[in-house]
Amino acid sequence: MPKRTSKTARAALVVLAATAIAATAGAPASAATGAPAGAESHAATQEALNGLVAAGMPGVAAGTLTPNGTWSGSAGYADTATKRKRTAADHFRAGSITKTFVATVLLQLEAEGKLSIDDSVEKWLPGVVKGNGYDANKITIRQLLNHTSGVHDMVYTPEWNEQMNGQGFFEHRYDIKTPEQIVAMGIKYGPDFEPGKGWRYSNTNFVLGGMIIEKVTGKPYAREVERRIVKPMGLKETTFPGTDPKLPAPHPVGYSKLYVPDPGPEIYDATEYRPSWSGATGEVVSTSGDLNRFFSGLLQGKLLPKKQLDKMLTTVETGEHYTYGLGIISRKLTCGAQVYGHDGVVWGSLTGAAGTRDGKHMLTFNINGDWLNESPPFENMFEGEFCGTLPKPAKDKPAGATQVNTLR
């Protein structure tokens with residue numbers, strides 16, 4: 001999957017031994033809904049779903065939205081103990097897809113004349129980002145949203161690793177953290193580069209973005225997202241749970257390796273935790289259907305004027321196999337298709353969502369595990385749906401899996 005990290009950060013990723021969950025292999029299930037006769041085939045998408053389970057993931061469910069209707073498919077299990085299968089109705093933690101919601105609200109506020117994305121962070125959050133080499137007068141909201149700010153990622157700190165990885169997760173997952181505490185964890189460490197002089201994915205950027213929304217509107221970022229996006233778009237299964245550690249039913253078990261340096265075969269239940277740990281960078285809970293409607297509406301201009309949508313979709317180079325806009329990822333697939341969306345990685349959950357520029361063809365999928373090969377088979381989901389075929393696997397691809405870090 002795309003590691004929204006720098007090469008230095010990627011070096012910290014841990015290569016795991018290949019993990020096969022025998023109970024989940026060879027258990028594909030799919031269903032078409034609302035698609036008329038002659039609708040496009042999703043055979044390659046289902047093949048990619050099966051490939052994820054074959055690669056050792058517990059289960060995966062996907063949903064698509066096209067002019068021909070909707071389709072859903074799954075493989076593996078929501079619960080490997082009871083053999084309950086994944087379904088299109090599953091609620092899941094969508095992690096960093098939260099970032100697209102946050103960026104949309106900030107661009108709406110710009111369209112309303114309440115701020116400019118080229119305003120400095122200091123203008124709206126005076127004194128919040130200071131010391132350790134930071135000058136918030138030189139950091140803009142735009143740089144927060146496209147990760148060119150240089151603000152250090154709180155996920156890559158000893159404090160985060162101690163409290164939220166390994167056994168620390170079980171000791172601290174019900175803690176309540178304020179945005180200010182999360183930001184302080186990141187800026188305790190100096191900037192990664194001067195503002196505008198590099199690119200590195202940083203979750204701290206969007207915690208600051210959520211704080212700016214609250215400063216401008218007087219309401220928490222999540223309430224503004226609900227008022228401006230969730231309710232108007234009819235996203236009835238989308239929530240921002242704040243300090244509630246539970247997930248709405250139905251939902252899969254979230255299986256995790258807990259991001260320890262040298263993980264063994266153990267897999268843990270990480271379904272519950274208080275998402276105030278992530279807040280505006282990774283709090284959202286949703287379904288594949290809701291996320292498809294959100295991204296479809298966004299790309300069709302239902303949430304932003306053309307000027308602001310163009311700004312969102314103007315991307316910067318990342319040094320990776322994708323480019324990054326304002327809270328949005330752009331992928332160029334092997335068949336030449338260009339798709340826009342975002343991914344989300346939190347404890348026990350990997351999510352991918354993307355669609356065509358016209359918003360007419362959308363895909364969202366969720367894996368209820370947080371370890372996986374670095375690129376295929378995650379990327380195969382996009383290739384299968386938008387290209388209709390899967391790339392041939394690289395002959396020199398090493399065995400094993402790469403565990404991504406949290407909140408990507």
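User: Is strand 16 mostly covered or mostly exposed, and how many of its residues are buried?

Analyst: In this predicted model, strand 16, which spans residues 349-356, is mostly covered, with seven of its eight residues buried.

User: How does strand 15 pair with strand 16, and over how many bridges?

Analyst: Strand 15 (residues 338-346) pairs with strand 16 in the antiparallel sense, over eight bridges. Within that pairing, Asp343 has Gly352 of strand 16 as its bridge partner.

User: What links those two strands?

Analyst: Strand 15 and strand 16 form a hairpin, with two residues between them. Gly348 lies in the turn and has a positive phi of about 75°.

User: And how does strand 16 pair with strand 17?

Analyst: Strand 17 (residues 362-367) pairs with strand 16 in the antiparallel sense over six bridges. Ala354 stands opposite Leu363 of strand 17. Strand 16 and strand 17 also form a hairpin, with five residues between them, and Gly359 in the turn has a positive phi of about 75°.

User: Turning to the helices, at what angle do helix 3 and helix 9 cross?

Analyst: The axes of helix 3 (residues 98-111) and helix 9 (residues 203-217) cross at roughly 40° and come within 10 Å. The angle therefore makes helix 3 oblique to helix 9. Their crossing is left-handed.

User: Which residues make the contact?

Analyst: Helix 3 contributes residues including Val102, Leu106 and Leu109, while those from helix 9 include Phe206, Gly209, Gly210 and Ile213.

User: What is that contact like by class?

Analyst: The contact of helix 3 with helix 9 has nine nonpolar, four polar and one charged residues.

Technical notes
Residues numbered from 1 in each chain as written. Predicted model: local features only at pLDDT ≥ 70, side-chain atom pairs only at ≥ 80, totals over all residues. Heavy atoms only, no water. Buried < 20%, exposed > 50% of the residue type's maximum accessible area, 1.4 Å probe, protein only. Helix = DSSP H or I, 4+ residues; strand = E, 2+ residues; numbered from the N terminus. Pairing = 2+ DSSP bridges. Axes fitted to C-alpha atoms, helices over the stretch in contact; angles between N-to-C directions. Parallel < 35°, antiparallel > 145°, perpendicular 65-115°, else oblique. Left-handed = near helix turned anticlockwise from the far one by under 90°. Contact = heavy atoms within 4.5 Å. Nonpolar A, V, L, I, M, F, W, Y, C, P; charged D, E, K, R; others polar.
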